[in-house]
Amino acid sequence: MEKWKIFVLVIVTLAVTGIMVLKFTGSYQEIETPKAGEFTVVEVGSNVCIPCKLLVPVFDEMRADFGDKVTIHKYEKTTEAEKTFNISIIPTIIIYDDKATEITRKIVTEQDAPGVRDWIVETLSSVGCEVE
């Protein structure tokens, strides 16, 4: 085989591999761990799972309603997110108090999605964060 054909084959293979890696792992995201002094809600999910999609408007609404009382993070499920938050099933929601201590976590099913906001509000209220 001619050298230029081998070169083209290698370039195409690398490009396809790169696309596959991004498709299956998601693009790079900087993961912020909860900080003392702020209440935090973390959701680790995916843009392709049904329960995750159902949570999008819930989290958008909470961001608007909670303002700066609660820090809300949403991360795609990647190896880094799995290790940082010790998760394996998505979507997983983790709630932290203002000492950056995990209070509780929940794996959300399609049936759970409508009640997630109430569960988060109740959990935050139980540790002194008054939100509605």
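1. Start with Thr92. In this predicted model, Thr92 has a relative accessibility of 4%, so the residue counts as buried. The cut-off for that label is under 20%. Thr92 sits in strand β3, which spans residues 92-96. Its side chain comes to 2.4 Å from the backbone oxygen of Ile89. Please look at that distance in the coordinates.

2. The surroundings of Thr92 come next. Setting aside neighbours within four places in sequence, Thr92 is in contact with Val42, Glu43 and Val44. Ile87 is a further contact of Thr92, and so are Arg105, Lys106 and Ile107.

3. How many residues of β3 are buried? The count is 5 of the 5, so the strand is largely enclosed by the rest of the structure. Both faces are covered. Thr92, Ile94 and Tyr96 lie on one side, Ile93 and Ile95 on the other, and all are buried. As background, side chains in a regular strand alternate between the two faces of the sheet.

4. Which way does β3 run against its partners? β1 and β3 run antiparallel, joined by 5 bridges. Glu43 has Ile93 as its bridge partner in β3. The pairing of β3 with β4 is also in the antiparallel sense, over 5 bridges. There, Ile94 has Arg105 of β4 as its bridge partner.

5. The β3-β4 connection deserves a check. The two strands form a hairpin with 5 residues between them. Ala100 lies in that loop, ahead of β4 at residues 102-107. Phi of Ala100 is near 65°, a positive value in a residue other than glycine. Is Ala100 buried, exposed or partly exposed? Its relative accessibility is 27%, so Ala100 counts as partly exposed.

6. The loop leading into β3 has two backbone features to inspect. One is a cis peptide bond between Ile90 and Pro91, with omega at about -5°. Pro91 belongs to the loop between α3 (79-85) and β3. The other is Asn86, found in the loop between α3 and β3. Phi of Asn86 is near 50°, which is positive for a residue other than glycine. Asn86 counts as exposed because its relative accessibility is 65%. For context, most residues other than glycine have a negative phi, and most peptide bonds are trans.

7. Now the packing. The largest nonpolar core holds 20 residues. Those touching the most other members are Val41, Phe59, Phe66, Val70, Ile93, Ile120 and Leu124. Which elements each supply at least two residues of this core? They are β1 (39-45), α2 (50-66), β2 (70-76), β3 and α4 (116-126). A second, separate core has 9 residues, including Ile31, Ala81, Ile87 and Ile94. In general terms, nonpolar side chains in soluble globular proteins tend to be buried together.

8. Val70 is a useful residue to trace through the larger core. Not counting residues up to four places away in sequence, Val70 touches Phe39, Thr40 and Val41. Val70 also touches Leu124, Cys129 and Val131. One of these, Cys129, counts as buried because its relative accessibility is 4%.

9. The cysteines are next. How many disulfides does a search of the whole structure find? The search finds 1. Cys49 and Cys52 form it, with their sulfur atoms 2.0 Å apart. The link is right-handed, at 95° about the S-S bond. Cys49 and Cys52 are both buried.

10. Last, the overall layout. The chain has 4 helices and 4 strands. Along the sequence they follow the pattern α-β-α-β-α-β-β-α. The chain has 132 residues, and buried residues make up 34% of them. Contacts between residues at least 6 apart in sequence were also sorted by separation: 69% of them join residues at least 24 apart. About 8300 Å² of the chain is exposed, and carbon and sulfur atoms supply 58% of that area.

Notes:
Residues numbered from 1 in each chain as written. Predicted model: local features only at pLDDT ≥ 70, side-chain atom pairs only at ≥ 80, totals over all residues. Heavy atoms only, no water. Disulfide = S-S within 2.5 Å. Buried < 20%, exposed > 50% of the residue type's maximum accessible area, 1.4 Å probe, protein only. Polar contact = N/O pair within 3.5 Å; in protein donor to acceptor, adjacent residues only side chain to side chain. Contact = heavy atoms within 4.5 Å. Areas by Shrake-Rupley, 256 points an atom, 1.4 Å probe, with all protein chains shown as cover. Core = buried A, V, L, I, M, F, W, Y, C linked by side-chain atoms within 4.5 Å. Pairing = 2+ DSSP bridges.
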